[in-house]
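User: Please take a close look at a single part of this model and describe how its elements are arranged and joined.

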Amino acid sequence: MTAAPAFLVSELLRKKRDGLALNDDEIAFLVRGFSDGSIPDYQVAAWLMAGYLKGFSRHETLFLTRSVKESGRCFDWRALSANFHNAVFADKHSSGGVGDKVSLVLAPVAACLDLKVPMMSGRGLGHTGGTVDKLESIPGFTMQPSERQMVEWLDRTGVCLTAQSHDLCPADRKLYHLRDVTATIDSVPLITASIVSKKWAEGVDVVVYDVKCGEAAFMTDLPQARALGRSLVDATAGAGIRALACVTRMDEPLGSMIGNANEVTECLWMLRDDYPSANHRRLAAPLLELSLRLAAEMAVLGGTRGTMAQAISDARAAITSGRALQVFMDIARNQGAVASWESRLPQAAVTRVVKATRSGTITHIHARRLGLAGIRMGAGRATAESRIDVAVGIEMLVRPGDVVANGDALMRLHLQAGQTVEIEPEIERIFGFDDPSGPPVSELLIERITA
Ligand code: URA
């Protein structure tokens, strides 16, 4: 005889519908039942919607996070190698943006600041890019290592860059699919449980969140971004992990490159401290500063550096000394990149310059519209199943505040032979001119949210 279930799901739904909080056992029951298939999708969908409308308490959010984490494998690095006894494991999570290649610079810099970085990343979806797609543009690069390889790379190089494996938080994958079709994605507690469960399972001691805020971000205004940052920090701290959120601007693209292989190229310029032109250096500067700042925040939070001034100075030295570049090369070699991969990155066959059709001061560059143009070019994914072309992309030649004349180059499209992209009719929608409110400030960091 099979034992009766611990709870009647319809009673739990009634409780949530009436705005009451579920307790730890009830949440664990729902997540476990959904994972093993004993609770059907329609009941879990009803729970998600009731929670979306009535809210989840801080405690419910933390317990949901714990239950999702416990649905799969969890890393315990110190149990895997005696060399890790005094190590500090740290990661960064970004809520996603256009041209956001921070991870590729931050990970090797963080290793130079004596952190171990078992970074787990996602693919691009919609107008935002993903670290996995960018790294997979490196010929030979693989992101599904064995546990033994991860331990070896973290020990030797300090970084291991992976895609989320199927056995890590499997309940999150199922819940995300259900949220996607029930209009319950944009709930701060549900986003929190989804993100923090994965960081918790990753076994890190420190997480720095880069919560993007702006028209090209998941969170378009400051109160929303703040609420997400606060919720992420609280849940992460509740999991016993040191956490901090930086709310950063995501209105215009980060750096000059938007795409995949071309974004890796821009990271190589930053890590080499060697750019094809002064203009490329200028456009990458805010992105580099943000990458160094977030790596430094990780080091201070993790205690491998005592002060922010020291951490920033050491982060900068990691670039100028070439040590961060060496770490990136070691990561690439560990993870299967072919010899001389830098010169074998996929490249678009042709480029086409897009010119200004009027004179004036550029006050806005609408990153979301650029991201959507990137999808039409094949550099981004409209649905999770879409295939992308890692070689194509957009190269920005200007930034807000620049004054241009009619006919000046604004951007360069990197295209496949014969590929036609009608972007000219959109120039006036992508570039804003002469807005009296002026260009946005160049500082990307808006505010820090601490535990
Ligand atoms: N990223 C995630 O991993 N989960 C969410 O729910 C939203 C963004």
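Analyst: Contact here means heavy atoms within 4.5 Å. The model is predicted: local features need pLDDT of at least 70 and side-chain atom pairs count only at pLDDT 80 or more, whereas totals for chains, interfaces and linings use all residues. Residues are numbered from 1 along each chain as its sequence is written, and side-chain values use heavy atoms, with hydrogens and water left out.

The part chosen is an open sheet of four strands, ordered S1-S4-S5-S13, with mixed pairing (strands are DSSP runs of E, at least two residues, and helices runs of H or I, at least four, numbered from the N terminus; two strands pair if DSSP finds at least two bridges between them). Strands S1 (90–94) and S13 (445–450) are the edges, each pairing on one side only. On average, neighbouring strands are turned by 20 degrees against each other, direction ignored (axes are lines fitted to C-alpha atoms, for helices over the stretch in contact; angles run from 0 to 180 degrees between N-to-C directions).

S1 runs parallel to strand S4 (residues 206–213), and five bridges join the two; Ala90 has Val206 of S4 as its bridge partner.

Helix H11 (residues 222–238) lies across S4, strand S5 (242–249) and S13, at about 170 degrees to S4. Helix H13 (residues 278–302) also packs on the sheet, where it touches S1, S4, S5 and S13, and its direction makes about 145 degrees with that of S4.

A salt bridge (side-chain nitrogen of Lys or Arg within 4 Å of a carboxyl oxygen of Asp or Glu) joins Arg226 to Glu447, with closest N and O atoms 2.6 Å apart. Arg226 belongs to helix H11 and Glu447 to strand S13, so the pair ties together parts that are 221 residues apart in sequence.
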